[in-house]
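Please open the structure in a viewer and keep the selection tool at hand. The tour proceeds by selecting one part after another and describing what is found there.

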Amino acid sequence: MISYGLENIKHLLVSTLQNSLDKVNSDNLKKIYEIRIKASRPTTVTAEGKTYFLCNTGLTQNPSLAIKVSQNDIDSFLYSFCQGSVYSYENTIKEGFVSRFGVRVGISGDLCTDNTQVKGFSRIDGLNIRFGNHISGASDKIMQYLSSNGFPNGKGILVLSKPGNGKTTLLRDLAVNLSSPCTIQKNTKIFRVCVIDQREEIKIGQVFENSCADFLCCADKEFCINLATRVLTPEIIICDEIGTCKEAEQILASVFSGVIFIASAHAQSIKEAQDKKHIKLLILKTMLIVLVLFVLHLRMEALVLLN
């Protein structure tokens with residue numbers, strides 16, 4: 001597993017957090033995929049699904065030893081992460097995040113609203129810094145299946161799992177392999193792939209340096225799917241976390257134009273998925289292959305089920 005982002009943003013953190021991370025051994029450091037900082041409250045990290053506190057000697061499970069940052073530290077990090085122009089990220093901040101180079105920073109605090117519409121934040125007092133992890137070969141089993149079977153009847157792939165199990169990592173590896181020469185594929189076909197990356201979590205520059213994929217980032221999925229279908233002539237569209245019936249309906253409209261979809265959604269079982277209207281719509285109409293994804297000891301295992 002290669003973790004992108006921590007080294008890119010560590011220098012933006014307050015010095016006490018930098019020093020703490022320097023004292024975490026390299027094996028544990030590679031397992032960290034979230035740093036959560038909150039004004040005047042304990043700083044935590046997430047590694048292998050478990051929460052630890054950052055302290056002066058590295059990691060601990062004792063909250064009384066945890067490092068606490070100030071409101072100024074949070075403001076300074078966000079300002080630096082946005083390259084000194086927080087205003088230029090205004091649209092995504094309204095959605096509760098900012099993203100750069102595969103790092104997504106989730107935002108919490110006091111919202112400004114006009115009736116039901118969010119205008120922004122009057123105060124930001126918490127940040128969830130999440131790093132993109134790339135596992136080269138995560139999609140090998142699926143690529144082997146596609147090499148032998150293709151996309152039967154033009155139907156695509158739906159990846160199902162609970163949050164944090166690696167859906168985005170799998171989609172990223174699929175995007176790379178389908179849009180660049182891949183030794184897993186016998187025919188080495190390079191597809192015209194468009195990735196809809198609303199929160200800019202799939203796109204990691206180093207990973208896609210030899211890829212021919214197009215990206216539409218930081219905009220509404222429904223709009224981007226329509227745009228890609230009309231002007232980019234993709235053979236395959238890949239998008240993460242389909243969550244509404246409108247998004248599912250836009251996928252159906254694009255499928256009728258001949259586009260194959262690879263997408264993900266939150267569900268821990270096929271039964272749970274079928275209880276969700278938007279997922280059921282996709283399974284019935286567009287998705288022949290349903291994958292239930294598990295992450296065991298940082299290795300990905302995908303169960304392929306055929307409808």
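The stops below lead from the whole chain to single elements.

**The whole chain**

Begin with the entire chain, and bear in mind that this is a predicted model. The chain has 307 residues, of which 50% count as buried. Colouring by secondary structure should bring out eleven helices and 15 strands. Consider next the contacts between residues at least 6 apart in sequence: 59% of these join residues at least 24 apart.

**Strands β3, β4 and β5**

Select residues 44–47, which form strand β3, and residues 50–55, which form strand β4; the two pair in the antiparallel sense over four bridges. Within this pair, Thr-44 stands opposite Phe-53 in β4. The two strands make a hairpin with two residues between them, and Glu-48 in the turn has a positive phi of about 50 degrees.

Now add residues 58–60, strand β5, which runs antiparallel to β4 and is joined to it by three bridges. Here Cys-55 has Gly-58 in β5 as its bridge partner. β4 and β5 likewise form a hairpin, with two residues between them.

**Ser-80 in helix α4**

Move on to residues 71–81, helix α4, and pick out Ser-80 within it. Is Ser-80 buried, exposed or partly exposed? Its relative accessible area is 30%, and Ser-80 is therefore partly exposed. Leaving aside residues up to four places away in sequence, Ser-80 touches Leu-12 and Arg-100. Select Ile-9 as well: Ile-9 and Ser-80 are 71 residues apart in sequence, yet their C-alpha atoms are 9.3 Å apart in space.

**Strand β9 and its partner β13**

Select residues 156–161, strand β9, where six of the six residues are buried. β9 pairs with β13 in the parallel sense, over five bridges. To view one position in this pairing, select Val-159 together with Ser-264 in β13, which stands opposite.

**Helix α9 and its surroundings**

Select residues 245–255, helix α9. Its buried residues are Glu-247, Ala-248, Gln-250, Ile-251, Leu-252, Ser-254 and Val-255. Which elements cover them? The cover includes α8 (221–231), β12 (236–239), β13 (260–266) and α11 (277–285). Two of these neighbours, α8 and α11, are visited in turn below.

Two packed helices are described by the angle between their axes and the distance between the axes.

Show α8 beside α9. Their axes come within 9 Å and cross at roughly 10 degrees. Angles under 35 degrees count as roughly parallel, and α8 and α9 are therefore roughly parallel to each other. On the α8 side, the residues in contact are Lys-221, Glu-222, Ile-225, Asn-226 and Thr-229, and they meet Lys-246, Glu-247, Gln-250, Ile-251 and Ser-254 in α9. By class, the residues of this contact divide into two nonpolar, four polar and four charged.

Hide α8 and show α11 instead. α9 and α11 pack at an angle of about 15 degrees, with their axes 8 Å apart. This angle makes α9 roughly parallel to α11. The crossing of the two helices is left-handed. In α9, Cys-245, Ala-248, Glu-249, Ile-251 and Leu-252 take part, meeting Lys-277, His-278, Leu-281, Leu-282 and Lys-285 in α11. The contact of α9 with α11 has six nonpolar, one polar and three charged residues.

To finish, select Ile-251 in α9, a residue that meets α8 and also meets α11.

Conventions: Residues numbered from 1 in each chain as written. Predicted model: local features only at pLDDT ≥ 70, side-chain atom pairs only at ≥ 80, totals over all residues. Heavy atoms only, no water. Buried < 20%, exposed > 50% of the residue type's maximum accessible area, 1.4 Å probe, protein only. Contact = heavy atoms within 4.5 Å. Axes fitted to C-alpha atoms, helices over the stretch in contact; angles between N-to-C directions. Parallel < 35°, antiparallel > 145°, perpendicular 65-115°, else oblique. Left-handed = near helix turned anticlockwise from the far one by under 90°. Nonpolar A, V, L, I, M, F, W, Y, C, P; charged D, E, K, R; others polar. Pairing = 2+ DSSP bridges.
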